[in-house]
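Student: I would like a close look at a single part of this model, the surroundings of the ligand. Please describe them in one connected account.

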Amino acid sequence: MDEDVSRVLVNANEIKDRVAELAEEIDRDYLGQKLLLVGVLRGAFVFLADIAKKLKGRFIFDFISASSYGPVGTESSGSVKLLKGITDPVDGLDVLVVDDILDTGATLSFVTGYMRSKGAKSVKICTLLNKPDRRKVPINADYLGFTIPDEFVVGYGLGYNGEYRNLPYVGVLKDSVWKS
Ligand code: 5GP
Ligand code: MG
């Protein structure tokens, strides 16, 4: 696992500290409001769990599954499919969409539109990572962990062919892993 990683971009301690800061910001901004956290499966599951454990305010959470990627590989197809929609009622709630990474922006622009169409009172975005160089849709995160260069990363929820999601840091895979 670790031996497949060539470089760590964000280590576990940096993530932990930033997650705590983000949770504080979110608590402050939504003081006295009940929040609906919506995690985008599958990449957001680790980040959402860690954020949720740090939040002190009232919230409920749900998951949706949307994907702009095929089942294999590293290139976004650009078209977003909703694989699993929301199950809890959204009407009148403040929604915070939590995802692993803002890349081309296609997924989060689709998901935020979907949450508005479900009757959300407000919709904001929280992502762990941002790759601004890759953006195709003009969209920004309201809460952002780290800006990273245009490299395919794994770990802390992000996978390659479904693996590496359990790494406690965000890193880049060795070239030999792509080619094998
Ligand atoms: P977008 O729709 O913004 O192009 O892509 C968003 C989704 O693509 C992310 O939620 C994530 O699941 C996946 N993705 C984008 N960049 C990376 C990356 O560097 N590594 C991994 N593992 N997934 C990525
Ligand atoms: Mg994702």
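Tutor: In this predicted model, a polar backbone atom of Ala-106 lies 3.5 Å from an oxygen atom of ligand 1. Two further backbone contacts involve residues with neighbouring numbers. For Gly-105, a backbone N or O atom is 2.8 Å from an oxygen atom of ligand 1. For Asp-103, a polar backbone atom is 3.0 Å from an oxygen atom of ligand 1. The protein buries 91% of the 510 Å² that ligand 1 exposes when taken alone. Three elements each give two or more residues to the shell around the ligand: strand S3 (59-69), strand S5 (94-102) and helix H3 (106-117). Of the contributing elements, S5 gives the most, with three residues.

The shell can also be described by its members. Ligand 1 is surrounded by 17 residues, of which the closest are Asp-100, Thr-104, Thr-107, Lys-131 and Val-153. By residue class, the shell around ligand 1 comprises six nonpolar, six polar and five charged residues.

In summary, the account of ligand 1 rests on three aspects. The first is polar contact, with backbone atoms of Asp-103, Gly-105 and Ala-106 each paired with a ligand oxygen. The second is cover, as the protein buries 91% of the area that ligand 1 exposes alone. The third is composition, with nonpolar, polar and charged residues all present in the shell.

Conventions:
Residues numbered from 1 in each chain as written. Chains lettered and ligands numbered in written order. Predicted model: local features only at pLDDT ≥ 70, side-chain atom pairs only at ≥ 80, totals over all residues. Heavy atoms only, no water. Near = heavy atom within 4 Å. Polar contact = N/O pair within 3.5 Å; in protein donor to acceptor, adjacent residues only side chain to side chain. Areas by Shrake-Rupley, 256 points an atom, 1.4 Å probe, with all protein chains shown as cover. Helix = DSSP H or I, 4+ residues; strand = E, 2+ residues; numbered from the N terminus. Nonpolar A, V, L, I, M, F, W, Y, C, P; charged D, E, K, R; others polar.
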